[in-house]
Amino acid sequence: MNVPLLKIEDLRVSFAIRSEGDMPWTAPRSLQAVGGVNFELQQGETLGIVGESGCGKSTLARAIIRMVPSEGRVVWMGDKDLLSLSKPAMMKYRSEIQMVFQDPLAALNPRMTVGQIIAEPLKTHHPDLPAGEVKARVKEMMEKVSLLPNQINRYPHEFSGGQCQRIGIARALIVQPKLVICDEPVSALDVSIQAQVINLLMKLQKEMGLSLIFIAHDLSVVKHISNRVMVLYLGKVMEVADRDTLYAKPLHPYTQALISAVPIPDPKKERSKTTILLEGDLPSPMAPPSGCVFRTRCPKAQALCAEVEPTLEVKDDNASHKIACHFAGTFASS
């Protein structure tokens, strides 16, 4: 059996929140952003993570690389629990897990040139590299992401949004990581540029043997790049399956609603499809619903949903298709 590159076990992230009018002696309230997430990621695989804004996607990504305090286990390559390591011990693994952020321009230091930005991880993790070697690697990586080497001394404000995201990708890949976490890397870009960046990521993944965690709102983008897809709602996993199974046979009502909202290029099919509209807003993570967190918006919710939280488990013949719903088998695909 293959040892997973990354294994997440009961990962939880909570924040202590104080209101403006709270007294100094008032205990802070707890906001649970991620509530017990479990999944595995294999070498070379792309896991897509989808869900509404505020469901915990970005917090989950930051918890994996220890940008926010968390509980649980983040097991790297079968034997290293990253959450248990000291800061000095964690440094040797930081080059193996890199991140590409949502806002391409805001993620780049405006006072640094492109060459300095891309070279920064090399200087951090490989400080003994000669300056000539660093510059050669930077130019090579710029060519891989379709940037001209003669742009090495320009500043971020001289580039378009798509070019800035290519710089961010080059910076992440310069240290040859095993895993890249992409936190909505194309949501701020035009549609045509989105396709170029997605195709670039897929090309580099194949060339460099990368694993990807790809976070997005756009389910059509996730379908294009992912091998498996995980659906989050209010910090909990609602459904996870391989891409084709999830899009052809979504069993959780939340997944069905998300997929029904994806536009279909064929006008006739678009007009004839049934769109599932969810009532109400995402509940506050400060006061999540009892039982199933989705029950307040679920069209099929019953009394059991308020009393017992459903576990993520296999509900059909596909062992890799898991759903957290008491009545998943009663739903038809959209």
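How are H3 and H5 oriented to each other? In this predicted model, the axes of helix H3 (residues 114-125) and helix H5 (residues 161-173) come within 7 Å and cross at roughly 30°. Angles under 35 degrees count as roughly parallel, and H3 and H5 are therefore roughly parallel to each other. Their crossing is right-handed. On the H3 side the contact involves Val114, Ile117, Ile118 and Pro121, which meet Ile167, Ala170 and Arg171 of H5. Six of these contact residues are nonpolar, none is polar and one is charged.

The chain as a whole was examined next. Its secondary structure comes to eleven helices and twelve strands. The radius of gyration is 21 Å, close to the 20 Å that the globule rule gives for 334 residues, so the chain is as compact as a globular protein of that length. The C-alpha trace spans about 65 × 60 × 50 Å along the principal axes.

H3 also packs against a second helix. The axes of H3 and helix H4 (residues 131-144) come within 9 Å, with a crossing angle of roughly 115°. The crossing of H3 and H4 is right-handed. H3 contributes Val114, Gly115, Ile118, Ala119, Leu122 and Lys123 to the contact, and H4 contributes Val134, Arg137, Val138 and Met142. By class, seven residues of the H3-H4 contact are nonpolar, one is polar and two are charged. Val114 and Ile118 of H3 are listed in the contact with H5 and in that with H4.

H5 in turn meets helix H6 (residues 191-208), where the two axes come within 10 Å and cross at roughly 15°. H5 and H6 are therefore roughly parallel to each other. Their crossing is right-handed. From H5, the residues in contact are Gly162, Gln165, Arg166, Ile169 and Leu173; from H6, they are Ile193, Gln196, Val197, Leu200, Leu201, Leu204 and Met208. The H5-H6 contact divides into eight nonpolar, three polar and one charged residue.

The strands include two open sheets, described here in turn. One has four strands in the order S2-S1-S4-S5, with antiparallel pairing. Strand S2 (29-41) and strand S5 (80-81) stand at its edges with a single partner strand each, so one side of each is left without a neighbour in the sheet. Within this sheet, S1 and S4 pair in the antiparallel sense over five bridges, and Glu9 stands opposite Arg73 in S4. Strand S4 (residues 71-76) is joined to S5 by two bridges, again in an antiparallel arrangement. Across this pairing, Val75 stands opposite Asp81 in S5, and Trp76 stands opposite Lys80 in S5. S4 and S5 form a hairpin with three residues between them, and Met77 in the turn has a positive phi of about 55°.

The other sheet is open and has eight strands in the order S6-S7-S8-S3-S9-S10-S12-S11, with mixed pairing. Strand S6 (97-100) and strand S11 (313-314) stand at the edges of this sheet; each has a single partner strand, so one side of each is left without a neighbour in the sheet. At the S11 edge, S11 and strand S12 (residues 322-323) pair in the antiparallel sense over two bridges. In this pair, Val314 stands opposite Lys322 in S12.

Helices also lie across the strands. Helix H1 (residues 57-64) lies across strand S1 (6-17), S2 and S4 of the four-stranded sheet, running at about 115° to S1. H1 also lies across strand S3 (46-50), S6, strand S7 (179-183), strand S8 (211-215) and strand S9 (228-233), where it runs at about 155° to S7. H1 is thus in contact with strands of the four-stranded sheet and with strands of the eight-stranded sheet. H5 lies across S6 and S7, running at about 175° to S6. Besides these strands, H5 has contacts with H3 and with H6.

Terms used
Residues numbered from 1 in each chain as written. Predicted model: local features only at pLDDT ≥ 70, side-chain atom pairs only at ≥ 80, totals over all residues. Heavy atoms only, no water. Axes fitted to C-alpha atoms, helices over the stretch in contact; angles between N-to-C directions. Parallel < 35°, antiparallel > 145°, perpendicular 65-115°, else oblique. Left-handed = near helix turned anticlockwise from the far one by under 90°. Contact = heavy atoms within 4.5 Å. Nonpolar A, V, L, I, M, F, W, Y, C, P; charged D, E, K, R; others polar. Pairing = 2+ DSSP bridges. Rg over C-alpha atoms; globule rule 2.2 N^0.38 Å.
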